[in-house]
Amino acid sequence: MPADELAGFQRTFNFLVDAVAEKEKELERLAATDDLTGLFNHRSFVRDLEALHEAAAPFAVLMCDLDNLKLLNDARGHLAGDRLLQMAAATIGRAVAGRGTAYRYGGDEFAVLLPGADAAAAAAVAGRIRREVADLALPEEPDPLFCATISIGSATFPEDGRNGAELVANADRALAAAKQRGRNQVVPYDPELETFAPVGAEAHTSLLMDVIRSLAAVVDVRDQYTGSHSEQVGELASRLGQAAGLSPRQCFYLRIAGLLHDCGKIGLPDTVLRKQGPLTPDEQVLVRQHPVLSGRIVQHLRTLEIIRPWVIHHHERYDGTGYPEGLQGEAIPLEARILAIADAYHAMVSHRPCRPALSEEMACEELQAQRGRQFDPRLVDIFLARVLPARAAEAG
């Protein structure tokens with residue numbers, strides 16, 4: 001073979017070898033990283049955690065959970081949620097640069113490995129992550145009702161765990177404590193967390209219920225109809241949720257949502273709230289703001305973030321002509337569709353300033369007439385066939 005042909009063959013061969021090597025590197029990178037955020041993935045975290053443990057040198061683990069991702073997904077869609085995940089990932093990556101490595105652990109969770117870090121160093125990095133995430137704001141359609149925060153639990157080797165799995169489990173326990181204490185916090189692992197967290201959670205739940213019922217009482221003072229109405233809506237919504245197959249936890253929160261769904265009426269003028277007779281168009285605009293105002297109030301009860309989209313959207317209509325956003329069909333949160341039926345039914349059988357109460361039979365006929373228009377037809381059927389008969393039987 002002539003020398004020039006041999007040289008050309010060698011160049012082609014070298015090019016192919018380099019191309020294969022580059023492709024292998026790209027495949028390795030893809031296998032090790034999360035597609036959405038660009039951070040290393042769960043698989044990489046497990047690999048690196050094992051390597052740090054085998055090195056037997058001190059290191060720290062941070063387990064991080066975005067507090068409001070589900071709220072954002074429910075209120076503005078998963079594209080906005082994905083955007084927040086990307087922004088949070090970039091923020092966490094910057095915060096740990098030069099100190100450790102950040103990972104997308106899964107869902108709304110991130111993890112951080114900090115080689116050589118003790119508890120104080122881990123707390124400093126975690127504190128920086130928390131502060132910088134709290135400063136995030138989605139650039140498109142800023143929402144003053146939405147606050148991005150992150151809860152973090154930390155654990156250090158070898159003090160808080162004999163191996164990687166134990167260390168992660170204890171960091172997760174610290175993360176759970178941060179959530180229980182109100183979110184947007186950093187909590188280091190302490191063996192006493194296991195002893196005191198349940199007691200704190202019970203006390204927190206009791207205090208929260210006191211706040212909720214006090215808030216309902218304040219609304220009751222301004223609008224005598226609303227206070228009793230909210231109690232009844234909570235009961236009916238919980239019953240409908242149970243009949244529709246929701247979990248006990250969801251039904252519990254539905255009862256709370258019923259208590260709070262009209263709390264935004266606190267912000268309405270007395271001239272509108274207590275008006276006898278039909279409302280003017282301008283007054284109707286004001287009234288239609290009360291679900292949004294309810295959402296603003298619920299926002300400050302951080303452990304109730306799950307119910308915020310429910311109260312905001314309980315006046316949406318199944319046909320898309322409701323408010324405040326004109327959502328349609330199953331785009332309306334299921335729990336909001338449940339609240340809508342419970343709210344409308346009790347409103348119809350209650351005396352209002354502008355009209356007398358309807359009979360139960362007339363209210364049922366109206367629900368039936370609005371199947372597929374104002375209300376989810378499947379939920380109307382369940383409500384009429386199971387909830388009301390069971391309630392009547394219990395009443396004797």
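Contact, on this tour, means heavy atoms within 4.5 Å. Helices (H or I, at least four residues) and strands (E, at least two) are DSSP runs, numbered from the N terminus. You are looking at a predicted model, in which local features need pLDDT of at least 70 and side-chain atom pairs count only at pLDDT 80 or more, while totals for chains, interfaces and linings use all residues. Residues are numbered from 1 along each chain as its sequence is written, and side-chain values use heavy atoms, with hydrogens and water left out.

**Stop 1: helices α14 and α15**

Select 334-348 for α14 and 360-369 for α15. On the α14 side, pick out I341, Y345 and M348; they meet E360, A363, C364, E366 and L367 of α15. Sorted by class, this contact has six nonpolar, no polar and two charged residues. The classes work like this: Ala, Val, Leu, Ile, Met, Phe, Trp, Tyr, Cys and Pro count as nonpolar, Asp, Glu, Lys and Arg as charged, and the others, Gly among them, as polar.

Now turn to the geometry. The two helices pack at an angle of about 145 degrees, their axes 9 Å apart. Axes here are lines fitted to C-alpha atoms, for helices over the stretch in contact, and angles run from 0 to 180 degrees between N-to-C directions. The crossing of α14 and α15 is right-handed; that is, the near helix is turned clockwise from the far one by less than a right angle, whereas anticlockwise would be left-handed.

**Stop 2: the sheet**

Next, colour the five strands, which form an open sheet with mixed pairing in the order β2-β3-β1-β4-β5. Two strands pair if DSSP finds at least two bridges between them. At the edges, β2 (101-106) and β5 (186-188) each pair on one side only. From one strand to the next, the twist averages 20 degrees.

Zoom in on β2 and on β3 (residues 109-115): they run antiparallel and are joined by five bridges. T101 has L113 as its bridge partner in β3. Their hairpin has two residues between the strands, and there G107 takes a positive phi near 60 degrees.

**Stop 3: helices on the sheet**

Which strands does α4 touch? Show residues 78-96 and you will find this helix packed on the sheet against β1 (59-66), β2, β3 and β4 (150-157), its direction making about 10 degrees with that of β3. Helix α6 (residues 164-180) also packs on the sheet, touching β1, β2, β3, β4 and β5, and its direction makes about 145 degrees with that of β4.

Keep α4 on screen and add α5 (residues 119-134): the axes come within 9 Å and cross at roughly 145 degrees. This crossing is right-handed. Label T91, I92, R94, A95 and V96 in α4, which meet V125, R128, I129, E132 and V133 in α5. Here the classes are six nonpolar, one polar and three charged.

**Stop 4: backbone details**

Most residues other than glycine have a negative phi, and most peptide bonds are trans. A56, in the loop between α2 (42-55) and β1, has a positive phi of about 60 degrees although it is not a glycine. A cis peptide bond joins F157 and P158, with omega about 10 degrees; P158 is in the loop between β4 and α6. Go on to Y323 and P324, whose peptide bond is cis with omega near 10 degrees. P324 lies in the loop between α13 (308-312) and α14.

**Last stop: the cavity lining**

Finish by selecting H313, H314, E316, R317, Y318, I332, A336, R337, A340, Q374, F375 and D376, which line the largest cavity (a set of points on a 1 Å grid over the protein atoms alone where a 1.4 Å probe fits but cannot get out; lining residues have an atom within 4 Å of a point). By class, that lining has five nonpolar, three polar and four charged residues.

Key: 1 Å grid on protein atoms, 1.4 Å probe; cavity = no way out; pocket = protein on both sides within 12 Å on 5 of 7 lines; lining within 4 Å.
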